[in-house]
There are 2 protein chains.
Amino acid sequence: MFSKACEYGIRASTYIALKSLEGTRVSLKEIAEKIDSPVAFTAKVLQQLSKNHIVDSVKGASGGFQITKANINQIKLAQIVFAIDGNNVYEGCGLGLKKCNANEPCPVHDKFVQIRSDLKNMLENTSLYDMTIGLEEGLTSLRR
Amino acid sequence: MFSKACEYGIRASTYIALKSLEGTRVSLKEIAEKIDSPVAFTAKVLQQLSKNHIVDSVKGASGGFQITKANINQIKLAQIVFAIDGNNVYEGCGLGLKKCNANEPCPVHDKFVQIRSDLKNMLENTSLYDMTIGLEEGLTSLRR
DNA sequence: TATAAATAGGACAATTTTATCCTATTTAAT
DNA sequence: ATTAAATAGGATAAAATTGTCCTATTTATA
Ligand code: FES
Ligand code: FES
């Protein structure tokens with residue numbers, strides 16, 4: 001469904017959001033531990049998210065990653081997925097035709113656009129804040 | 001969503017089904033042309049589908065690929081996807097956790113299983129025959 | 001029986017994705 | 001000022017996926 005980079009990106013952003021709500025900035029090392037991801041690879045993903053203004057990075061000692069409260073509420077999963085995997089999830093043909101096109105549809109087009117659209121809606125309606133709900137209480141998990 | 005191999009597999013099977021309904025067996029070369037896929041790579045995919053008894057292959061001159069009428073009606077997309085991409089589509093966690101598990105769910109679990117299940121249902125309810133409807137009349141397409 | 005057409009399959013190559021390593025830069029704190 | 005902790009980013013490596021090439025085998029037909 002999503003690339004590894006994207007999966008790490010969502011999990012990392014969610015963890016950063018959780019800690020930002022508690023008022024603390026988190027280091028790459030801590031993030032990678034908490035989401036069980038390869039450190040250096042996660043760094044690349046976070047660079048990309050930082051360039052896309054999804055997370056804020058602070059360099060130097062006591063630096064780290066954080067997300068403003070406004071952004072925790074406003075940023076949706078759809079933006080993270082788009083920043084990392086591009087728009088293929090939203091616009092690609094289920095059978096890999098070069099363009100998904102209702103005028104010359106592949107045999108699964110009608111059924112596929114329905115599912116793709118449900119996925120899109122889900123991603124567009126799930127904020128980082130939504131993602132953090134239940135994490136603190138251990139009702140949901142970002143690793144294992 | 002699906003691997004290239006899987007996309008080619010679905011398109012190839014659909015084309016074979018179409019021609020089998022017309023009573024003719026088709027060669028690898030023709031298949032690759034009609035679904036716009038790399039010939040040798042498609043051969044590998046078809047080998048796999050043949051081993052999984054999704055398509056029948058006939059060696060030798062005037063050989064080729066075909067699917068019995070019974071199978072055209074009975075084989076569902078779900079079986080093709082499973083034969084090539086395995087069960088990750090059906091059971092994998094949307095955020096890449098090692099196991100999707102309702103007891104220790106990731107933050108998108110509830111929403112994701114719904115979409116995954118819709119996709120699964122769609123694949124389980126779409127037969128190769130369904131895929132061929134509209135192809136002959138050009139209402140649907142397997143290439144471009 | 002010889003030939004040609006077709007799939008099977010092994011070996012390899014190219015590309016993309018995933019992952020690691022090292023150095024540069026920034027910044028707080030000593 | 002120095003040091004230590006942190007991100008940025010370039011270079012590289014490893015692994016997985018995608019794609020190609022060549023030979024073996026099978027089989028209909030001339
Ligand atoms: S053309 Fe294939 S999903 Fe739209
Ligand atoms: S645990 Fe992530 S989708 Fe089920």
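**View 1. The largest pocket has a volume of about 340 Å³.** A pocket here is worked out on a 1 Å grid over the protein atoms alone, as an open set of points where a 1.4 Å probe fits, with protein on both sides within 12 Å along at least five of seven lines. Its volume is the space filled by probe spheres set on the points, which are joined across faces, edges and corners. Lining residues have an atom within 4 Å of a point; there are 22 for the largest pocket, and A:M1, A:E7, B:N88, B:G92 and B:C93 come closest to its centre. This is a predicted model, with local features needing pLDDT of at least 70 and side-chain atom pairs pLDDT 80 or more, while totals for chains, interfaces and linings use all residues. Residues count from 1 along each chain as its sequence is written, chains are lettered from A and ligands numbered from 1 in the order written, and side-chain values use heavy atoms, leaving out hydrogens and water.

**View 2. Here's what builds the wall of the largest pocket.** At least two lining residues each come from α1 (4–21) of chain A and from α6 (88–91) and α7 (109–124) of chain B. The top contributor is α6(B), with 3 residues. Helices are DSSP runs (H or I, at least four residues) and strands likewise (E, at least two), numbered from the N terminus. By class, the lining has 9 nonpolar, 6 polar and 7 charged residues; Ala, Val, Leu, Ile, Met, Phe, Trp, Tyr, Cys and Pro count as nonpolar, Asp, Glu, Lys and Arg as charged, and the others, Gly among them, as polar.

**View 3. The second largest pocket comes in at about 260 Å³.** Its lining is 15 residues, with A:N88, A:V89, A:C93, B:M1 and B:F2 nearest the centre. This time α6 (88–91) and α7 (109–124) belong to chain A and α1 (4–21) to chain B, each giving at least two residues. The lining splits into 8 nonpolar, 4 polar and 3 charged residues.

**View 4. DNA strand C is surrounded by 26 residues.** Near means a heavy atom of the residue within 4 Å of the strand, and among the closest are A:P38, A:G60 and B:K44. Of the strand's atoms within 4 Å of the protein, 65% are sugar or phosphate and the rest belong to bases.

**View 5. Polar contacts (N or O pairs within 3.5 Å) reach DNA strand C from both chains.** The side chain of A:Y8 puts an N or O atom 3.0 Å from a phosphate oxygen. A base nitrogen sits 3.2 Å from a side-chain N or O atom of B:Q47.

Methods: A polar contact is a pair of N or O atoms within 3.5 Å; within protein, one must be able to donate a hydrogen and the other to accept it, and residues adjacent in sequence count only if both atoms are side-chain atoms.
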